[in-house]
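Hi everyone, thanks for coming. I'd like to walk you through a protein model today, so please have a look at the screen.

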Amino acid sequence: MKDCPFSKEVIEQTLLWIDENVDKKITMDDLSSLSGYSKWYFQRLFTKYVKVTPATYIRRKKLLLSLTAIKYGTKNIGMIAEDYGFNSHQTYNRIFKKELGCTPAYCREVFKEYGCFTDCKGICKKNSSR
């Protein structure tokens with residue numbers, strides 16, 4: 001796949017659109033339509049420039065946003081998972097633990113105890129059994 005300045009611009013515009021719409025359900029059809037490329041080609045192009053698939057990028061964005069709700073919010077984890085578009089509490093927990101090394105509940109505990117927001121991953125990794 002050749003580097004094309006236009007392709008890079010399309011991906012940059014798509015990233016901005018994702019950031020503005022991350023609170024909504026975003027599908028490959030949406031991204032394909034926005035970019036003007038087929039789903040297959042868009043996914044290859046996105047992965048080439050961003051180094052992760054569109055689904056992974058969106059999932060990580062939603063996780064990062066959910067951290068604010070975990071730190072400052074009073075909603076239970078299941079409601080936070082739903083608010084950020086995860087299919088279930090279990091899916092949210094699994095993805096959260098995979099990406100950050102601990103469960104959302106434990107991360108909330110860490111925030112309350114240490115007031116730590118930026119280094120949850122480091123603290124969680126030290127206590128990876130939670």
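Let's begin with a little hunt: where does Asn76 lie? Take a second to find it. Okay: Asn76 sits in the loop that runs between helix 4 and helix 5. And before we go on, keep in mind that this is a predicted model.

So, is Asn76 buried, partly exposed or exposed? Its relative accessibility is 42%, and to be called partly exposed a residue has to fall between 20% and 50%, so Asn76 counts as partly exposed. You can also look across from there to Pro104: the two residues are 28 positions apart along the chain, and their C-alpha atoms are separated by 10.0 Å.

Now let's zoom out. How many helices and strands does the chain have? There are eight helices and zero strands. If you read the elements from the N terminus, you just get α-α-α-α-α-α-α-α. The chain has 130 residues, and 38% of them count as buried. Its accessible surface is about 8100 Å², with 53% of that belonging to carbon and sulfur atoms. And here's one about the fold: take the contacts with a separation of 6 or more, and 53% of them are made by residues 24 or more positions apart.

Next, the inside. The largest nonpolar core has 17 residues. Those that touch the most other members are Leu63, Leu67, Ile70, Phe86, Tyr92, Phe96 and Cys107. Which elements give two or more residues to this core? They are helix 4 (54-72), helix 5 (77-83), helix 6 (89-100) and helix 7 (104-114). There's also a second, separate core, with 13 residues, including Ile11, Ile18, Leu31 and Leu45.

Let me pick out one more residue, Phe42. You'll find Phe42 in helix 3, which covers residues 39-50. Why does Phe42 count as buried? The cut-off is under 20% relative accessible area, and Phe42 has 0%, so it is buried. Who is it touching? Leaving out neighbours within four places in sequence, Phe42 is in contact with Ile11, Thr14, Met28, Leu31, Ser35, Tyr37 and Pro54. Two of those names, Ile11 and Leu31, came up in the second core. On top of that, the C-alpha atoms of Phe42 and Ser32 are 6.2 Å apart, and these two are 10 residues apart along the chain.

Last topic: pockets. The largest pocket holds about 410 Å³ of space. It has 18 lining residues, and Lys25, Ile26, Ile58, Lys62 and Gly85 lie nearest its centre. Helix 2 (28-35), helix 4 and helix 6 each give two or more residues to that lining. Which element gives the largest share? That's helix 4, with five residues. By type, the lining splits into nine nonpolar, four polar and five charged residues.

The second largest pocket has a volume of about 160 Å³. Ten residues line it, and Arg60, Lys61, Leu63, Leu64 and Glu99 are nearest its centre. Helix 4 shows up again here, giving the most to the lining with six residues. This lining has six nonpolar and four charged residues, and no polar ones. One thing to spot on your screen: Leu63 is by the centre of this pocket, and Leu63 was also on our list for the largest core.

That's my tour, thanks for listening!

Technical notes. Residues are numbered from 1 along each chain as its sequence is written. This is a predicted model: local features need pLDDT of at least 70, side-chain atom pairs count only at pLDDT 80 or more; totals for chains, interfaces and linings use all residues. Side-chain values use heavy atoms; hydrogens and water are left out. Helices (H or I, at least four residues) and strands (E, at least two) are DSSP runs, numbered from the N terminus. Buried means under 20% relative accessible area, exposed over 50%, partly exposed in between (1.4 Å probe, protein chains only). Contact means heavy atoms within 4.5 Å. Accessible areas come from the Shrake-Rupley method with a 1.4 Å probe; for residues, only the protein chains shown count as cover. A nonpolar core is a set of buried Ala, Val, Leu, Ile, Met, Phe, Trp, Tyr and Cys residues joined through side-chain atoms within 4.5 Å. On a 1 Å grid over the protein atoms alone, a cavity is a set of points where a 1.4 Å probe fits but cannot get out, and a pocket is an open set with protein on both sides within 12 Å along at least five of seven lines; lining residues have an atom within 4 Å of a point. Grid points are joined across faces, edges and corners, and a volume is the space filled by probe spheres set on the points. Ala, Val, Leu, Ile, Met, Phe, Trp, Tyr, Cys and Pro count as nonpolar, Asp, Glu, Lys and Arg as charged, and the others, Gly among them, as polar.
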